[in-house]
Amino acid sequence: RNVEGKIKPKRQGRFDNITHMIDEAKLLEKSGNLDEAVGLYNEVLLILPDSVKVYEAIADIYSVQGDIESEKDILIKAIANCSKTDDFKKRLNSLNG
């Protein structure tokens, strides 16, 4: 409550918006709007460029679409930007044969 006794509005932190964006992308993905989901996930990466879960989600979508080149590209970006890269490296190696 503020000085006047009124309830203060809840402040939205930057992570609240990111969480909302990720949730929205998941809904788009479940409803089959894969390109829109990738677009939203990419917006999240502009804010959180080291998000392992977002890179995984995008790579999974490309895998489902059979777009191996895009999947490789996003895995390379993930390896460059994330601290935990072992799974990305293994996945990229398996795609490269």
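Let us start with Glu 71, which touches Ala 59, Tyr 62, Ser 63, Arg 91 and Leu 95, leaving out residues up to four places away in sequence; contact here means heavy atoms within 4.5 Å. Glu 71 sits in helix H4, residues 68-81. With a relative accessibility of 5%, Glu 71 counts as buried, a label given under 20% relative accessible area, while exposed means over 50% and partly exposed lies in between, using a 1.4 Å probe and protein chains only.

Before going further, please keep in mind that this is a predicted model, in which local features need pLDDT of at least 70, side-chain atom pairs count only at pLDDT 80 or more, and totals for chains, interfaces and linings use all residues. Residues are numbered from 1 along each chain as its sequence is written, and side-chain values use heavy atoms, with hydrogens and water left out.

Now for the overall picture. The chain has five helices and zero strands, so named from DSSP runs numbered from the N terminus, with helices being H or I of at least four residues and strands being E of at least two. Read from the N terminus, the order of elements is α-α-α-α-α. Of the 97 residues, 31% count as buried. Among contacts in the chain with a separation of 6 or more, 37% come from residues 24 or more positions apart.

Helix H3 is a good place to settle in. Its 14 residues should span 20 Å at 1.5 Å a residue, and the end C-alpha atoms are indeed 20 Å apart, which agrees; the expected span is 1.5 Å times one less than the number of residues. The buried residues of H3 include Val 54, Tyr 55, Ala 57, Ile 58, Ala 59, Ile 61 and Tyr 62. After H3 comes Gly 66, with a positive phi near 75 degrees.

How does H3 pack against its partners? Two packed helices are described by the angle between their axes and the distance between the axes. Take H2 (residues 34-47) and H3 (residues 52-65): their axes come within 10 Å and cross at roughly 155 degrees. Such axes are lines fitted to C-alpha atoms, for helices over the stretch in contact, and the angles run from 0 to 180 degrees between N-to-C directions. H2 and H3 are therefore roughly antiparallel to each other, since angles over 145 degrees count that way, with under 35 as roughly parallel, 65 to 115 as roughly perpendicular and the rest as oblique. The crossing of H2 and H3 is left-handed, that is, the near helix is turned anticlockwise from the far one by less than a right angle, whereas clockwise would be right-handed. On the H2 side the contact is made by Leu 34, Asp 35, Ala 37, Val 38, Tyr 41, Asn 42, Val 44 and Leu 45, and on the H3 side by Val 54, Tyr 55, Ala 57, Ile 58, Ile 61, Tyr 62, Val 64 and Gln 65. These divide into 13 nonpolar, two polar and one charged, where Ala, Val, Leu, Ile, Met, Phe, Trp, Tyr, Cys and Pro count as nonpolar, Asp, Glu, Lys and Arg as charged, and the others, Gly among them, as polar.

Gln 65 of H3 gives a closer view of this contact. Gln 65 is partly exposed, at a relative accessible area of 34%. Leaving aside neighbours within four places in sequence, Gln 65 is in contact with Leu 34 and Asp 35. The C-alpha atoms of Gln 65 and Leu 34 are separated by 8.5 Å, with their positions 31 residues apart along the chain.

On to the partner that holds Glu 71. The axes of H3 and H4 come within 8 Å and cross at roughly 165 degrees, so H3 and H4 are also roughly antiparallel to each other. Their crossing is left-handed. H3 contributes Tyr 55, Ile 58, Ala 59, Tyr 62 and Ser 63, and H4 contributes Ser 70, Glu 71, Ile 74, Leu 75, Lys 77, Ala 78 and Asn 81. By class, this contact of H3 with H4 has seven nonpolar, three polar and two charged residues.

Finally, follow the chain onward. Thr 85 lies in the loop between H4 and H5 and is buried, at 9% relative accessible area.
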